[in-house]
Amino acid sequence: MRLIIVDDHPIVRAGMRSLFPADGSVQVVGEAATGEEAVALARHLRPAVVLCDLRLGAGIDGVETTRRLRALDPAPVVVILTTFDRDAEILQAVEAGAAGYLLKDAPAEEITTAIRRAASGELVLSPELTARMVHVMRAPRVRLTDREADVLRLLGTGASNRDIAKSLFVTEATVKTHLVHLFDKLGVDSRARAVAVARERGIL
């Protein structure tokens, strides 16, 4: 099995490489520090699997890297290996075409087994992550107006009501009205929870 490792930290890439047995059943044919580099390598080396981090520093992230890798012909299987387990990011990665989503603190044997399963056509998520994804997908979709989305975006930056009002050229009373609607739609009662829930659901 030909494999490319994608992570912006050289030490992490070296650690990933050491996971695989010396019997040649998994051959690491390349390493990349960025998503752009990973896509270029995959186009040239044609790996069966790409093991990719979610956060890759400057440039495209793991979700966009996955999307571009899956658009290649032939398209490699992509397995996300990361420290981030936010529901929205997991869902985005799977929607982009990832065949697996694993956390870096998983046992080495679990990671190598998951890669082989993904390469054989399975969708590889831990039972916990699978349950969380089902919950997220079944949750009612929150529909925001364009103005509510603007307020939420500014809220996520830590802006005050006054700052939001100035940015959107509206009154503070109008901002408060939008916040009431946002809190109701998100099922929260505070600014901090609104931002947290919006990020969990991939709205923000």
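**A walk through the predicted model**

Let us start at Asp-105, which sits in the loop between β5 (100–103) and α5. Helices (H or I, at least four residues) and strands (E, at least two) are DSSP runs, numbered from the N terminus. The model you are looking at is predicted, so local features need pLDDT of at least 70 and side-chain atom pairs count only at pLDDT 80 or more, while totals for chains, interfaces and linings use all residues. Residues are numbered from 1 along each chain as its sequence is written, and side-chain values use heavy atoms, with hydrogens and water left out.

Is Asp-105 buried or exposed? Its relative accessibility is 69%, so Asp-105 counts as exposed. Here, buried means under 20% relative accessible area, exposed means over 50%, and partly exposed lies in between (1.4 Å probe, protein chains only). If you look for Ala-71, its C-alpha atom is 29 Å from that of Asp-105, with the two positions 34 residues apart along the chain.

From this loop, step into helix α5 (residues 108–119), where you will find Thr-112. Thr-112 has a relative accessible area of 10% and is therefore buried. A polar atom of its side chain lies 3.0 Å from the backbone oxygen of Glu-109. Setting aside neighbours within four places in sequence, Thr-112 is in contact with Leu-19 and Phe-20, where contact means heavy atoms within 4.5 Å.

Now turn to the interior. A nonpolar core is a set of buried Ala, Val, Leu, Ile, Met, Phe, Trp, Tyr and Cys residues joined through side-chain atoms within 4.5 Å. The largest one here has 22 residues, and those with the most contacts inside it are Val-6, Cys-52, Leu-69, Ile-80 and Tyr-101. Two or more residues of this core come from each of β1 (2–6), α2 (35–45), β3 (49–52), α3 (62–70), β4 (77–82) and α4 (87–96). Which element gives the most to this core? The answer is α2, with four residues.

A few residues help to fill in this picture. Val-6 touches Ala-32, Thr-34, Ala-38, Val-50, Leu-51, Cys-52, Asp-53 and Leu-56, not counting residues up to four places away in sequence. Thr-66, in helix α3, has 0% relative accessibility and so counts as buried. Beyond its neighbours within four places in sequence, Thr-66 is in contact with Val-78, Ile-80, Ala-93, Ala-96, Gly-97 and Ala-98. Leu-45 belongs to helix α2 and, at a relative accessible area of 19%, is buried. With neighbours within four places left aside, its contacts are Arg-2, Ile-4, Val-29 and Gly-30.

Further along the chain, helices meet. Two packed helices are described by the angle between their axes and the distance between the axes. Axes are lines fitted to C-alpha atoms, for helices over the stretch in contact, and angles run from 0 to 180 degrees between N-to-C directions. The axes of α7 (residues 146–156) and α10 (residues 191–200) come within 10 Å and cross at roughly 105°. Therefore α7 is roughly perpendicular to α10, a label for angles of 65 to 115 degrees (under 35 is roughly parallel, over 145 roughly antiparallel, the rest oblique). Leu-152, Leu-155 and Gly-156 of α7 make the contact with Arg-191, Ala-194, Val-195, Ala-198 and Arg-199 of α10. These residues divide into five nonpolar, one polar and two charged. In this grouping Ala, Val, Leu, Ile, Met, Phe, Trp, Tyr, Cys and Pro count as nonpolar, Asp, Glu, Lys and Arg as charged, and the others, Gly among them, as polar.

Helix α7 also meets helix α9 (residues 172–186), with axes that come within 10 Å and cross at roughly 90°. So α7 is roughly perpendicular to α9. In α10, the buried residues are Ala-194, Val-195, Val-197 and Ala-198, and what covers them includes α7 and α9.

Finally, look at the backbone. Most residues other than glycine have a negative phi, and most peptide bonds are trans. Arg-46, in the loop between α2 and β3, has a positive phi of about 50° although it is not a glycine. Phe-169, in the loop between α8 (161–168) and α9, also has a positive phi, near 60°. The peptide bond from Asp-73 to Pro-74 is cis, with omega near 0°, and Pro-74 lies in the loop between α3 and β4.

Notes:
A polar contact is a pair of N or O atoms within 3.5 Å; within protein, one must be able to donate a hydrogen and the other to accept it, and residues adjacent in sequence count only if both atoms are side-chain atoms.
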